[in-house]
Amino acid sequence: ARSPGLPMSSEGDPVFPEPWAAEAFAMTVHLHARGVFSWTEWAAALSAEVHRPGRAEDGSDYFDCWVEALSALLAAKGIADADQILGLQRSWQRAAEATPHGQPIELANDPER
């Protein structure tokens with residue numbers, strides 16, 4: 001009830017809106033498990049994005065916030081810089097546009113790679 005923009009299953013449980021959101025979640029858990037950042041650091045980064053002015057009050061952009069928080073944290077930790085992250089985002093977008101409907105999107109499908 002507090003986040004009506006988040007998708008729910010027929011049983012009322014939260015679900016991922018798209019496969020990329022599940023992958024972003026899994027990457028975050030994996031990077032934490034590898035010691036790249038603590039849960040306290042992660043919570044602070046995600047909270048900063050969720051509460052940034054202009055964000056959707058209904059939570060419908062929650063996983064966009066998630067990706068932005070992960071990107072910012074990786075840049076702050078020196079794992080990847082903003083240009084690298086932006087380059088990968090653009091590559092994934094080109095790959096998505098070049099991938100036939102119903103097929104898995106892979107970076108190898110980026111025509112500029």
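Visitor: Which residue's side chain meets that of Asp 110 in a salt bridge?
Guide: Quick ground rules: this is a predicted model, where local features need pLDDT of at least 70 and side-chain atom pairs pLDDT 80 or more, while totals for chains, interfaces and linings use all residues. Numbering runs from 1 along each chain as its sequence is written, and side-chain values use heavy atoms, leaving out hydrogens and water. A salt bridge here is a side-chain nitrogen of Lys or Arg within 4 Å of a carboxyl oxygen of Asp or Glu. At 2.9 Å, N to O, the partner of Asp 110 is Arg 94.

Visitor: How many residues apart in sequence are the parts that this pair ties together?
Guide: Helices are DSSP runs of H or I with at least four residues, strands are E runs of at least two, and both are numbered from the N terminus. Arg 94 sits in helix α4 (82-98) and Asp 110 in the segment after it, so the pair links parts separated in sequence by 16 residues.

Visitor: Is Asp 110 buried or exposed?
Guide: With a 1.4 Å probe and protein chains only, buried means under 20% relative accessible area, exposed over 50%, and partly exposed in between. Arg 94, at 24%, counts as partly exposed. Asp 110 has a relative accessibility of 3%, which makes it buried.

Visitor: Which residues do shared salt-bridge partners join into one network?
Guide: Take the pairs one by one. Glu 49 bridges to Arg 52, with the closest N and O atoms 2.7 Å apart, and Arg 55 pairs with Asp 61 at 3.6 Å, N to O. Through shared partners, the network takes in Glu 49, Arg 52, Arg 55 and Asp 61.

Visitor: What is the relative accessible area of Glu 49?
Guide: Its partner Arg 52 is partly exposed at 44%. Asp 61 is buried at 13%, and Arg 55 is partly exposed at 22%. Glu 49 is buried, at 7%.

Visitor: How many salt bridges are there by this rule?
Guide: For the charges behind them, Lys and Arg count as positive and Asp and Glu as negative, leaving out His and the chain ends. That gives 8 positive and 17 negative side chains, with the centres of the two sets 7 Å apart, each charge being placed at NZ of Lys, CZ of Arg, CG of Asp or CD of Glu. The salt-bridge count is six.

Visitor: What pattern does the chain follow along the sequence?
Guide: There are four helices and zero strands. The C-alpha atoms fill a box of roughly 40 × 40 × 30 Å along the principal axes. Read along the sequence, the pattern is α-α-α-α.

Visitor: What share of the 113 residues counts as buried?
Guide: Contacts (heavy atoms within 4.5 Å) come in here too: of those with a separation of 6 or more, 40% link residues 24 or more positions apart. The buried share of the 113 residues is 23%.

Visitor: Which residues form a nonpolar patch on the surface?
Guide: Patch members have over 30% relative accessible area and no salt bridge; like charges are joined within 9 Å, nonpolar side chains (Val, Leu, Ile, Met, Phe, Trp, Tyr) within 5 Å. One member, Phe 16, lies in the segment before α1 (19-33) and is partly exposed at 38%. Sharing about 350 Å² of accessible area, the four are Phe 16, Phe 25, Val 29 and Trp 39.

Visitor: How many Å apart in space are Gly 102 and Ala 80?
Guide: Gly 102 lies in the segment after α4 and is exposed, at 70%. The two are 22 residues apart in sequence, and their C-alpha to C-alpha distance is 31 Å.

How values were computed:
Accessible areas come from the Shrake-Rupley method with a 1.4 Å probe; for residues, only the protein chains shown count as cover.
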